[in-house]
Amino acid sequence: GGELTALTVGGADVENSKLRKSVLSRGPANCVTVNDASLVNADPCRTSAALAEAVKKIGEFDLVICGEGSSDLYSQQVGVQLGERLGLPTINGVASIELEDGAITVTRNADGETETLKITLPAVISVASGINTTRVPSMRDILAAGKKPVTALGGADLALPEGALTET
């Protein structure tokens with residue numbers, strides 16, 4: 001009964017129509033991209049800051065679902081930092097999700113134990129890679145993806161922080 005919006009931040013690659021179509025053909029109703037040069041090879045701090053600003057721009061939502069880690073750094077920090085920036089309950093390492101009225105119950109594996117946690121919505125979660133089986137889109141899904149709305153934002157559309165956010 002809900003609507004799924006895909007959201008990505010990065011450099012010019014986020015405007016690749018083939019990649020957008022690939023994402024949209026798998027179920028999201030629409031897509032929001034944030035293209036800014038400061039987000040190319042961004043660390044988790046800058047990435048979470050950009051995502052937080054984009055989520056605020058999108059408006060009302062119930063649940064933000066992040067991957068557990070990216071394919072480049074796999075730092076597992078973006079989701080938890082995003083939750084902190086949005087001031088929302090946040091859980092990482094989620095292996096399953098059950099939606100209830102105004103809340104979700106999730107399970108996650110931590111130190112060989114399975115935890116079951118319930119949090120109220122809105123919330124941010126980071127899901128483990130094995131949470132689902134990737135759906136292979138049909139030709140009809142791929143063709144329909146080209147007609148789905150895409151909102152392209154730039155850094156000027158958001159209050160992106162300037163300068164270094166982390167120091168080594």
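**Salt bridges, strands and lone cysteines**

Let's start with a charged pair: Lys118 forms a salt bridge with Glu100, with the closest N and O atoms 3.0 Å apart. This contact ties together distant parts of the chain, since Lys118 sits in strand β6 (residues 113-120) and Glu100 in strand β4 (residues 90-100), 18 residues apart. Keep in mind that this is a predicted model, where local features need pLDDT of at least 70, side-chain atom pairs count only at pLDDT 80 or more, and totals for chains, interfaces and linings use all residues. Residues are numbered from 1 along each chain as its sequence is written, and side-chain values use heavy atoms, with hydrogens and water left out.

A salt bridge here is a side-chain nitrogen of Lys or Arg within 4 Å of a carboxyl oxygen of Asp or Glu. By that rule the count is five. Helices (H or I, at least four residues) and strands (E, at least two) are DSSP runs, numbered from the N terminus. As for accessibility, buried means under 20% relative accessible area, exposed over 50%, and partly exposed in between (1.4 Å probe, protein chains only). Lys118 counts as exposed because its relative accessibility is 57%, while Glu100, at 33%, counts as partly exposed.

Among the other bridges, Arg108 and Glu115 meet through their side chains at 2.6 Å, N to O. Glu115 has 27% relative accessibility, so Glu115 counts as partly exposed. Then there's Glu53 with Lys56, whose closest N and O atoms are 3.5 Å apart. Both of these residues lie in helix α2 (residues 44-58), three residues apart, about one turn of the helix.

Now for the strands. Strand β2 (residues 30-35) is mostly covered, with five of its six residues buried. Two strands pair if DSSP finds at least two bridges between them. Strand β1 (residues 5-10) pairs with β2 in the parallel sense over six bridges, and Thr5 stands opposite Asn30 in β2. β2 also pairs in the parallel sense with strand β8 (residues 150-154), over five bridges. There, Cys31 stands opposite Val150 in β8.

Cys31 brings us to the sulfurs. A disulfide is a pair of cysteine sulfur atoms within 2.5 Å, and by this rule the count comes to zero. Why does Cys31 have no bond to Cys66? The closest cysteine sulfur to that of Cys31 is in Cys66, but at 15 Å it is too far for a bond. Cys45 also has its closest cysteine sulfur in Cys66, and the 14 Å between them is too far for a bond. Cys31 counts as buried because its relative accessibility is 4%, and Cys45, at 15%, counts as buried too.
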